[in-house]
Amino acid sequence: MKEQLQSIFESAKVEIAEAKSIHDLQQMKSKYVGKKSVLNGLLKQIGTLSKEERPKFGQIVNIAKADLSKLIEARENEIKELDYLAKIESEKIDLTMPSRKRTSGSLHPITKVIQEIEDIFISMGFEVAMGPDIEDEFHNFDALNTPKDHPARDLSDTFYIDNDVLLRTQSSTVQVRVMENHKPPIKIISLGNCYRNENDASHSPMFHQVEALVVDEGINFADLHNMLNTFVKKMFGEKIESRIRPHFFPFTEPSAEIDIVCVKCYGKGCNLCKGSGWLEMGGAGLVDPNVFDKLGIDSEKYTGYAFGLGIDRITMLKYKIPDMRLLFENDIRFLKQF
Ligand code: DAH
């Protein structure tokens, strides 16, 4: 039996030394030192020994079990250490490696133009006003003298969110909000998003407008034209003039459409201006007294002008962009150029 014990002990030592994982060792624990271990199995045969030998053999078995436990524990610590070193190795970072190249971003061309327009008007004493994109019918239509049966109010042109709630179709809503809360003199511009149900090379369902409103005593059409000319020259250069043509808007009287001299041919006529020498920029007019009356501003005392220009159009002309959709596709190859 002693030889048997000896050979089990020797092979256990080899097995423990070769164990690869904590799991292997757990199995060895129950095989060699647990209740149902082979060593305990030997003790069951103790009856075959003489009386004097029995306690001695019991002692040797216990010593062997204690030794094997110690070996298992030592191997366990070894494996933990090896696992830890392997983990560190796998997470090693090469600090001498060159860093990834970062490319710097650039402002969207519309953002650039918005900032430029703001700078021009602020330098002429305007304040910048803001209004919400989600509006009600009062601010988008009723207060702007646009009757219930006006085609612009149709569901096929305007994005309604609810009965009375819509995405503003024009930045003229901000005129209403400013006049509701401020008494003249008023001199503001407002720049922002507008929404209409249209989509082609020169129309996008979301687009940008700049709105101007000036209200004071004695404001007239000449002031409007003068301001437009000053702006257009600052934006496109001294050679570019503006002209106003009679038109109709419900909230201005008289109303006009604004054209500028073609920025490509300077008035000679080309493919951009379709031979006319002029490009359309937006609408303008003198604030209709009805609008003043609705908003509690004395229409006998005050007059005012307003205009609204397409920022996307200005951007396209400034940067020679042929299709409006390019501005909103967010193609990095396009945006990188600005
Ligand atoms: N809101 C008009 C449009 O989107 C443009 C416009 C016309 C704005 C006349 C004005 C204005 O301020 O006075 O078509």
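Colleague: In which strand is P254 found?
Modeller: This is a predicted model, in which local features need pLDDT of at least 70, side-chain atom pairs count only at pLDDT 80 or more, and totals for chains, interfaces and linings use all residues. Residues are numbered from 1 along each chain as its sequence is written, and side-chain values use heavy atoms, leaving out hydrogens and water. With strands taken as DSSP runs of E of at least two residues, helices as runs of H or I of at least four, and both numbered from the N terminus, P254 is found in strand 7 (residues 252–261).

Colleague: Is the peptide bond from E253 to P254 cis or trans?
Modeller: For the bond from E253 to P254, omega is near -5°. That peptide bond is cis.

Colleague: Where is P185, which follows P184 through a cis peptide bond?
Modeller: The bond from P184 to P185 has omega near 5°. P185 itself is found in the loop between helix 7 (173–181) and strand 4 (186–195).

Colleague: What is the value of phi for Y266?
Modeller: Y266 has its place in the loop between strand 7 and strand 8. Its phi is positive, in a residue other than glycine, and is near 55°.

Colleague: Which residues come nearest to the ligand?
Modeller: A residue counts as near if one of its heavy atoms lies within 4 Å, and there are 15 residues around the ligand. Among the polar contacts (pairs of N or O atoms within 3.5 Å), an oxygen atom of the ligand is 2.8 Å from a side-chain N or O atom of R196, while a polar side-chain atom of E211 lies 2.5 Å from a ligand oxygen. Those that come nearest are Q170, S172, R196, Q209 and E211.

Colleague: How much of the ligand's exposed area does the protein bury?
Modeller: The backbone also takes part, since an N or O atom of F307 lies 3.4 Å from an oxygen atom of the ligand. Accessible area comes from the Shrake-Rupley method with a 1.4 Å probe, and the ligand taken alone exposes 360 Å². Of that area, the protein buries 91%.

Colleague: Why is helix 1 described as parallel or perpendicular to helix 4?
Modeller: The axes of helix 1 (residues 2–18) and helix 4 (residues 53–90) are 10 Å apart and their angle is about 5°. Angles under 35 degrees count as roughly parallel, over 145 as roughly antiparallel, 65 to 115 as roughly perpendicular and the rest as oblique. Helix 1 and helix 4 are therefore roughly parallel.

Colleague: Which residues of helix 10 make the contact with helix 5?
Modeller: The axes of helix 5 (residues 109–122) and helix 10 (residues 311–319) come within 9 Å and cross at roughly 105°, so the two helices are roughly perpendicular. Contact means heavy atoms within 4.5 Å, and helix 5 contributes P109, I110, K112, V113, I114, E116 and I117. From helix 10 come I311, D312, I314, T315, K318 and Y319.

Note on methods. Axes are lines fitted to C-alpha atoms, for helices over the stretch in contact, and angles run from 0 to 180 degrees between N-to-C directions. A polar contact is a pair of N or O atoms within 3.5 Å; within protein, one must be able to donate a hydrogen and the other to accept it, and residues adjacent in sequence count only if both atoms are side-chain atoms.
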